[in-house]
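Student: Could you take me through one strand of this structure in detail? I would like to see how it sits among its neighbours.

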Amino acid sequence: MSSEPTTATTPSSTAVNLEQVTYFLVTGASRGIGAKMAIETARKFKPGSIVVLLARSASGLEHTRSEILSVNPHVTVVTSSVDLATASKEVLDDILDKSISKTPLGQFGLACIIHNVGTIGNVERKAIELDDRAEWEDYFGTNVFTVAVLNSCFLRKFAGVGCRKVVVNITSKACLAPFQSMTYYCAGKAAREMYFRVLAEEEAEAGAAGVTVLNYSPGPVETDMTVDIQSRSNAPVIRDYFKGLRDTTTILTTEQTTAKFLQILQNGQFKTGDHVDYYDH
């Protein structure tokens, strides 16, 4: 008889079937990784699905909306231009309510949210120089506080509904390791991921009725954010790192990291709450 311990959650139990009627919300969906994930994930949904896109740029959101409808014209796409640095619970609840006002929640087999929104923060100064409390509050407002509030609003809407509930946090290696000049980013990603790890731990006790959580680290990707880091970082080692990736064309594309994300999600190559990096599989 095997003496190996068993766990309540196995990798196969986290596999997500995307080919069903889905309520799907993505933040930071106007460009980069968020836009590509929204498009490629929505491609798989069944008719009757609702896709909600949040970001500040109305024009960027409209572009993502058009791309989604070009690959899957059978879904409804709702966009909302909102500043997630300051959005209140009431504003977020209103966005969610309006997106599902005419839809019975019982029709959804899956409710999934991707928390992709993220900013790099001030990379021109060292940690010892970051003495502006308002700047700290603004950074954590966007990257941690509103993320947590939106997540609670989202899950509350589907409490008691018999659909599968999946929460994806777009995280980073920077939540595990310190990077010079990236104090805000490292601190924010660490706090944010710990929130989702606690959520996963608490929800695991609910079994199938709980929430599946994935912390996905997309790797170094060709985005406006990494261009910004390369140009503005006060640390030569960081600027040289991203320059080297671009010079050798080894920096990842949004297509590459999205394909890997979908593989991990659909095959259940994680335990709920896990931090999974692009290079892990």
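Tutor: Happy to! Let's look at β1, which pairs with strand β2 (residues 50–55) in the parallel sense over 5 bridges. Here two strands pair if DSSP finds at least two bridges between them, and strands (E, at least two residues) and helices (H or I, at least four) are DSSP runs numbered from the N terminus. Residues are numbered from 1 along each chain as its sequence is written. This is a predicted model, where local features need pLDDT of at least 70, side-chain atom pairs count only at pLDDT 80 or more, and totals for chains, interfaces and linings use all residues, while side-chain values use heavy atoms, leaving out hydrogens and water.

Within the β1–β2 pairing, threonine 27 has leucine 54 of β2 as its bridge partner. Helix α1 (residues 32–42) joins β1 and β2 in a right-handed β-α-β unit (with the strands pointing away from the viewer, the path from the first strand over the helix to the second runs clockwise).

β1 (residues 22–27) is also joined to β4 (residues 110–115), again in parallel, by 5 bridges. There, leucine 25 is partnered with isoleucine 113, and phenylalanine 24 stands opposite cysteine 112.

As for the side chains, Thr22, Phe24 and Val26 point one way from β1, whereas Tyr23, Leu25 and Thr27 point the other way. In a regular strand the side chains alternate between the two faces of the sheet. Because 6 of the 6 residues of β1 are buried, the strand is largely enclosed by the rest of the structure; buried means under 20% relative accessible area, exposed over 50%, and partly exposed in between (1.4 Å probe, protein chains only).
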